[in-house]
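Trainee: Could you take me through the empty spaces inside this protein, with care over what surrounds them?

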Amino acid sequence: MGIVPAAAQVLAVLRYLARQAAPVPAAAISRDVGLPRSTTYHLLDTLAADGFVVHLPEERRYGLGVSAFELASGYQRQAPLQRLARAPLAALVDRTGYSANLAVLHGREVIYVIEERAPGRAPLVSEVGVRLPAHLTASGRAVLALLPAAQVRAIFPDRSAFVLRHGVGPASLTALRGLLAEARRRGYATEEGEVTPGLSSVAAPVLDHHAHPIAGISVTFPAEAVTSPGDAVTSPGDTADATARDRIAHQVTQTARELTRRVGGVVRG
């Protein structure tokens, strides 16, 4: 189906306003979005009439209106990310035999929004609603690895931001950057007993349409149980010398790519 130009222009204006730190002049919108001035004013008038944009006459600027907030609130109520992720996570658990989670970044923490527990596996600390330090979790590292360096630095401004649960894990920005660089190189992040001693996790990021990380999908397993070939379910493309951990990482990254496609995100590679 073809794209409706007027609808595309409206969405471009709303996305532009959503990225700004404060209301902006119409001239800036016209210039940065690439629209004629007359078209920009017509669109802004229409959006303002329905409350999606608010005009500040004294400042001669435009910002998002209350209707835009209502859209965001509706998104939160409907929880489409969780709904779209439920089936892929359940399939991931079936393929690996281990429990899986979906987590989102909130400040320096991740919040777990889905837990799919594998049959016969013990409960994890990462139950739905639990918050954990992002720099200690595989999901948090998977998301942080794709954020701009300046944003990571703002989240972790000094050593006091690096809390530890069991005395292990990155305790400085330099140490964290090393882990994030490795996660970017591999395409997935890991965690080894930093959340719960004896348990390891592998996680991959879910991306939106701007290739921005919006969540992390992880699988957690006993560290000593996943050390050699044959300890986990194999998948197409595995080589004879692939480790069980490699196979789990492959399944996690494939699931993250599937969910990225489901949410209309940019699938890399």
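Mentor: What follows takes the enclosed space and then an open one. Please keep in mind that this is a predicted model, and that rolling a probe the size of a water molecule over the atoms shows where empty space is left.

The count comes to one cavity of 30 Å³ or more, and about 140 Å³ of space lies in the largest cavity. Its lining is made up of 16 residues, of which Ser 126, Glu 191, Val 195, Ser 201 and Thr 220 are the closest to the centre. Helix H6 (138-144), strand E7 and strand E8 (213-222) each supply at least two residues of that lining, and by character the lining residues of the largest cavity divide into seven nonpolar, eight polar and one charged.

The second largest pocket, for its part, has a volume of about 390 Å³. There are 21 residues in the lining of this pocket, and those closest to its centre are Gly 187, Pro 205, Thr 253, Arg 257 and Arg 268. Two or more lining residues come from each of helix H8 (173-186), strand E7 (199-207) and helix H9 (244-262), and H9 gives the largest share, five residues. The lining of the second largest pocket holds 12 nonpolar, five polar and four charged residues.

Strand E7 therefore deserves a second look when you turn the model, since E7 supplies at least two residues to the lining of the largest cavity and also gives two or more to the lining of the second largest pocket.

Key: Residues numbered from 1 in each chain as written. Predicted model: local features only at pLDDT ≥ 70, side-chain atom pairs only at ≥ 80, totals over all residues. Heavy atoms only, no water. 1 Å grid on protein atoms, 1.4 Å probe; cavity = no way out; pocket = protein on both sides within 12 Å on 5 of 7 lines; lining within 4 Å. Points joined across faces, edges and corners; volume = space filled by probe spheres on them. Helix = DSSP H or I, 4+ residues; strand = E, 2+ residues; numbered from the N terminus. Nonpolar A, V, L, I, M, F, W, Y, C, P; charged D, E, K, R; others polar.
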